[in-house]
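Trainee: Could you take me closely through one chain of this model, from its overall build to the surfaces it shares with its surroundings?

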Amino acid sequence: MIVFEKPKALADVKLHYCPGCTHGIVHRLVAEAIDELGIEGRTIGIAPVGCSVFAYNYFNCDMVEAAHGRAPAVATGVKRANPDNIVFTYQGDGDLAAIGTAETVHSAARNENITVIFVNNAIYGMTGGQMAPTTLPGQITQTSPYGRDTATVGYPIKVCELLSNVTGATYLERVAVNNVKNVKAAGAAIKKAFRYQMEGKGFSLIEVLSSCPTNWGLTPDKALEWLEQNMIPYYPLGVYKDRYAEGGAGK
Amino acid sequence: MADKVLMKGNEALAEAAIMAGCRHYFGYPITPQTEVAAYLAKRMPKVGGTFLQAESEIAAINMVIGVASAGKRVMTSSSSPGISLKSEGLSYLAGCDLPALVVNVQRGGPGLGGIQPSQSDYFHATRGAGHGDFHMLVLAPASVQEMASLVFKGFDLADKYRMTAMILADGTMGQMMEPVSLDMGEVKQYDKSWAVTGTKGARPHNIVNSLSLLPEELEQWNLKRYEKYAEIEKNEVMYDSFMAEDADVIVVSFGVGARVARNAIVEARAKGIKAGLIRPITLWPFPKQALKAAAAHAKAFVSVELSMGQMIEDIELSIRCFRPVLLCRRVGGMIPTPEEVLAKIEEADKTGGNEA
Amino acid sequence: MNVSILISGFGGQGVLFTGKFLAYEGLLENKEVTWLPSYGPEMRGGTASCSVIISDTPIGSPLVPHPDVLIAMNLPSLDRFEDAVVPGGAIFYDSSLIDREVRRTDVRAFGIPATKTASDKGFPTLANMIVMGKMLKELALFPDEAIDHTIAKVVSAKHQNLLELNKQAIQLGYGM
């Protein structure tokens, strides 16, 4: 009896992620949602620029590799071309909340019927650990070597809070993948976001608090502790908007 | 001429796009091409298409990438400053080998520049539309009829070669009205099995991508793309000529410049100067052979441009500097007058072959 | 035939429409035509102008730096373009709004009290068509019967109620 196997939506290839990186978990959650909803054959993924740039090799569905920050615009085009396709973007914090802020906000404003998976690990990973739009105050990175100084570089962007004020957005939830309970909740949120798209309900974004042991300079287990102790207090988990929550009726 | 209607260039262009099967348009307002967007905002919903005003030029070109990836005909239009913003996307379109149609109704620059006609994006279109080694098919209409027919042709070439076709127009062509026939003929269909439409569980996944971290592989991608470009240079050059066969002085110009030059050539002939016009319709591929052949009998060339002198470099390259090439230019939104072109023709006729 | 016409006036005086009418007239008479407007912020309440060329042969430049015919609907237009008209050309101007004579002696000049006449007749926005009626008569560019046909083409579907008034305005100018 098989009790555990790789989701079918994930390709049988070796991932390039660092040891302890949580991208693998998030990939798996996305793939499980696709499997469970039976939509692999009509799903199109949009990969970002960042650590998950090779996501196009990891998912078995059709994939487009977008320019940095532009995934929601590319997704808009793909979705408008074939509205029956299920279209998701998979983006990091630099991609989504810095260079792609306009694309993020406006695809939400249009209530574009797409699903955005937003992996927030508070750092630019691929380029070697620079300050991200979500880097915490005081956090040391390669480009904030004395700690993020809010007096000179300002404060982190809280994406779910920001988008909760965008009338068009349908479903926004922040989750984390630092422990089993949170991973299960994250999986449920991602699946719900895809289901909403299937039901034509519009724009959803799931922000996944993730760890980056390599660039945080921590072991994988310490990184998860750091996430819990530092990121979750700053970025509280929960549903920030759900127009179809009980009693919401899409309003 | 009963089948002809009077239309603005921008509107004829937009209608031709619909006739070419384009059902997706993404744009952002900018003078002097806003009529394209306004026209399509009205028309697209009526033909079941998508008109979307994007949050930026950058978003618009990336939406174009999305639709092109999905294998459907798609267009965006803008004017010079907006085209600069689209440059990133133009490079990605090339790197991903995606077909799309991009319209640049040029205005004077650099920077915010002005809003009057210009051709100063010639280098951008033919050389530097974005980072990396690539070309776009660049089509330069010189009438409202061509604003329509070159859009139709551009979509076809874009699909045929899986690359961007750019309509490089100017404010005059966009704003002008002339009689136009919208009898465009059949839309040819091309294989798009590479597109992302969902695997339906029936094939391996398609990937639309411009990234390769393996230099050996990326080199091959580039070489292959340039083989395609060589085919295009062989097969797709388009130009028009007017009294050029026996000409001593060949004027080379495109768009509104060519229209003005035509007047000057008629006047020059009336004065007994054997002048003629070669009008590139494709700026890339450039009509190198036609110019080289003309250099055998012409003693001098005149490049008429609404720029500081950009196309003149292609003329000199084409004829291997075998003959002198004089420049007649106006910039900043100014258009050369027939008198100015005539003066250059006269100068070329006198000094031809003996450049001071 | 090869005639170039420059029409200029305030935004709102129907300058572009007048040009469009003439271009259509040319099209329906199987001529080559071009119509080129000035464009940009100046269109919003400032001076508007457009150039029309009607020709038996293919038209080169659509620009009209030296018109055969000038229609000036206000004083700034006459001031700006009077000297540009080719010798032997014609100037038609709205004498209700322009309180000076044409200074050139080498052109034919026609002052038409168009705005006043149009207001008296109850269609104050059609002064342009009165001036054009006069121009069509004096220059005899097109056969008379073609004009009604063209006006029906050019007046857009949503303005069909203005069709008869446009015809009346042209006739009025024609009779002046």
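**A close look at chain B**

Mentor: In this predicted model, chain B is built from twelve helices and 15 strands. Its C-alpha trace spans about 70 × 50 × 40 Å along the principal axes, and its radius of gyration is 21 Å, which agrees with the value near 21 Å that a compact globule of 356 residues would have. Of those 356 residues, 59% are buried. Among the contacts in chain B with a separation of 6 or more, 79% are accounted for by residues 24 or more positions apart.

Within the chain, the assignment gives two domains: domain 1, which covers 4-199 + 221-235, and domain 2, which covers 240-351. Taken over C-alpha atoms, the centres of domain 1 and domain 2 of chain B are separated by 27 Å. Where the two domains of chain B meet, 27 residues of domain 1 are in contact with 22 residues of domain 2. On the domain 1 side, the elements that give two or more residues are α5 (122-126), β6 (137-139), β7 (164-170), α7 (171-175) and α8 (215-235) of chain B. The largest share of that side comes from α5(B), with four residues. By residue class, the side of domain 1 that touches domain 2 divides into 15 nonpolar, nine polar and three charged residues.

Turning from the domain boundary to the partner chain, 32 residues of chain B are in contact with 29 residues of chain A. On the side of chain B that touches chain A, two or more residues come from each of β3 (50-53), α3 (57-69), α4 (80-95) and β9 (207-208) of chain B. Of the elements on this side, α3(B) gives the most, namely nine residues. The residues of chain B on this side divide into 13 nonpolar, 15 polar and four charged.

One of these elements, β9(B), also takes part in strand pairing across the two chains: two bridges join it to strand β2 (residues 62-65) of chain A, and the two strands run parallel. In this pairing, I207(B) in β9(B) has M63(A) standing opposite.

Set side by side, then, the two surfaces of chain B can be read by their residue classes: the side of domain 1 that touches domain 2 holds 15 nonpolar and nine polar residues, with three charged, whereas the side of chain B that touches chain A holds 13 nonpolar and 15 polar residues, with four charged.

Definitions and conventions. Residues are numbered from 1 along each chain as its sequence is written. Chains are lettered from A and ligands numbered from 1 in the order in which they are written. This is a predicted model: local features need pLDDT of at least 70, side-chain atom pairs count only at pLDDT 80 or more; totals for chains, interfaces and linings use all residues. Two residues are in contact if their C-beta atoms, placed from the backbone, lie within 7 Å. Ala, Val, Leu, Ile, Met, Phe, Trp, Tyr, Cys and Pro count as nonpolar, Asp, Glu, Lys and Arg as charged, and the others, Gly among them, as polar. Two strands pair if DSSP finds at least two bridges between them. Domain bounds come from an automatic or database domain assignment. The radius of gyration is taken over C-alpha atoms; the globule rule is 2.2 Å times the number of residues to the power 0.38. A residue is buried if 20 or more other C-beta atoms lie within 10 Å of its own, exposed if 12 or fewer, and partly exposed in between; C-beta atoms are placed from the backbone.
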